[in-house]
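Work through the exercises below with the sequence and the structure open beside you. Try each task before reading its solution.

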Amino acid sequence: MLSKEDFQNAMARFTAAVTIVTTTDDGEPVGMVATSVCSLSAEPPSLIACINKNTSAHDPILRNRIFAVNLLADSQAHLVRHFMGKKGTERFEAGAWDSMVTGAPVVNGAVAVFDCELTNACDGFSHTILIGRIIDMRIASDKDQGECLLWHRREFAKVASYAQS
């Protein structure tokens with residue numbers, strides 16, 4: 001029989017980009033770290049984010065129908081550590097934050113930011129699968145941008161470049 005631990009160990013071998021998914025709740029910022037984010041469609045520009053139903057950001061995203069996905073740079077691992085060690089608005093005391101069209105908090109210096117309108121939410125057992133239409137986007141310039149922060153085998157990793165042979 002497939003065990004939860006075996007499944008989690010196998011999934012830890014997937015390398016994923018580290019993001020912070022944010023929204024607001026009664027005017028206050030809320031957010032969570034997420035690695036289950038991917039593109040959905042270029043027309044209209046949209047993405048999928050899978051978030052745990054027990055996170056503090058879950059219900060506000062469903063209520064407000066807006067969220068931002070902040071793709072972190074490899075120099076921003078400290079933000080993830082800070083987020084994981086804090087709760088509520090204390091999470092936003094580290095880093096420089098801004099907002100775009102939806103008003104959801106966005107991280108200054110992120111590799112890319114996707115400001116989204118929630119178009120659909122689907123049950124995914126312990127998670128909710130969010131489908132967001134991207135209504136605004138910010139991409140760091142090549143000279144300002146580091147590589148994106150990765151998560152692999154339960155630790156941070158960096159992008160490695162391989163020469164073509």
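## Exercise 1: Charged pairs

Arg 138 is partly exposed, with a relative accessible area of 29%. The model is a predicted one.

**Task.** Find the salt-bridge partner of Arg 138, and state where the two residues lie in the chain.

**Solution.**
Step 1. The partner is Asp 98, and the closest N and O atoms are 3.5 Å apart. This counts as a salt bridge because the cut-off is 4 Å.
Step 2. Asp 98 belongs to strand β7 and Arg 138 to strand β10; the two are 40 residues apart, so the pair links distant parts of the chain.
Step 3. Asp 98 is partly exposed as well, with a relative accessible area of 37%.

**Task.** How many salt bridges does a search of the whole structure find? Describe the one formed by Asp 25 and the one formed by Asp 123.

**Solution.**
Step 1. The search finds four salt bridges.
Step 2. Asp 25 pairs with Arg 63, with 2.8 Å between the closest N and O atoms. Asp 25 is in strand β2 and Arg 63 in helix α2 (residues 58-64), 38 residues apart.
Step 3. Asp 25 has a relative accessible area of 25% and is partly exposed, whereas Arg 63, at 52%, is exposed.
Step 4. Asp 123 meets Lys 53 at 2.3 Å, N to O. Asp 123 is in strand β9 and Lys 53 in the loop between β5 and α2, 70 residues apart.
Step 5. Asp 123 is exposed, with 58% relative accessibility. Lys 53, at 31%, is partly exposed.

## Exercise 2: The seven-stranded sheet

**Task.** Write down the strand order of the open sheet of seven strands, and name its edge strands.

**Solution.**
Step 1. The order is β3-β2-β6-β9-β10-β5-β4, and the pairing is antiparallel.
Step 2. The edge strands are β3 (28-34) and β4 (37-42), each of which pairs on one side only.
Step 3. From one strand to the next, the twist averages 35 degrees.

**Task.** Describe how β9 pairs with β10 and with β6.

**Solution.**
Step 1. β9 (residues 112-124) and β10 (residues 127-139) are antiparallel and share 12 bridges.
Step 2. Between β9 and β10 there is a hairpin with two residues in the turn, where Phe 125 has a positive phi of about 65 degrees.
Step 3. Ala 121 stands opposite Leu 130 in β10, and Asp 115 has Asp 136 of β10 as its bridge partner.
Step 4. β6 (residues 66-71) and β9 also run antiparallel, joined by six bridges. Here Asp 115 in β9 stands opposite Ala 68.

## Exercise 3: Nonpolar cores

**Task.** Which residues of the largest nonpolar core touch the most other members, and which strand supplies the largest share?

**Solution.**
Step 1. The core has 22 residues; Val 21, Leu 47, Ile 61, Phe 67, Phe 114 and Leu 130 touch the most other members.
Step 2. β3, β5 (45-52), β6, β9 and β10 each give at least two residues to this core.
Step 3. The largest share is four residues, and it comes from β9.
Step 4. Leu 130 can serve as an example. Leaving aside neighbours within four places in sequence, its contacts include Leu 47, Ile 61, Phe 67, Leu 118 and Ala 121.
Step 5. A second, separate core has 19 residues, among them Leu 79, Phe 83, Phe 92 and Val 113.

## Exercise 4: Helix α3

**Task.** Where does helix α3 lie, and which of its residues are buried?

**Solution.**
Step 1. α3 (residues 77-85) lies across β2 (19-25) and β3, and runs at about 110 degrees to β3.
Step 2. Its buried residues are Ala 77, Leu 79, Val 80, His 82 and Phe 83.
Step 3. These residues pack against β2, β3, β7 (97-99), β8 (105-107) and β12 (155-157).

## Exercise 5: The three-stranded sheet

**Task.** Give the order of the open sheet of three strands, and explain why one side of β1 and of β12 is left without a neighbour in the sheet.

**Solution.**
Step 1. The order is β1-β11-β12, with antiparallel pairing.
Step 2. β1 (16-17) and β12 are at the edges and each has a single partner strand, so one side of each has no neighbour in the sheet.
Step 3. β11 (residues 150-152) and β12 are joined by three bridges, and His 152 stands opposite Glu 155 in β12.

Methods. Residues numbered from 1 in each chain as written. Predicted model: local features only at pLDDT ≥ 70, side-chain atom pairs only at ≥ 80, totals over all residues. Heavy atoms only, no water. Pairing = 2+ DSSP bridges. Axes fitted to C-alpha atoms, helices over the stretch in contact; angles between N-to-C directions. Contact = heavy atoms within 4.5 Å. Core = buried A, V, L, I, M, F, W, Y, C linked by side-chain atoms within 4.5 Å. Buried < 20%, exposed > 50% of the residue type's maximum accessible area, 1.4 Å probe, protein only. Salt bridge = Lys/Arg side-chain N within 4 Å of Asp/Glu carboxyl O.
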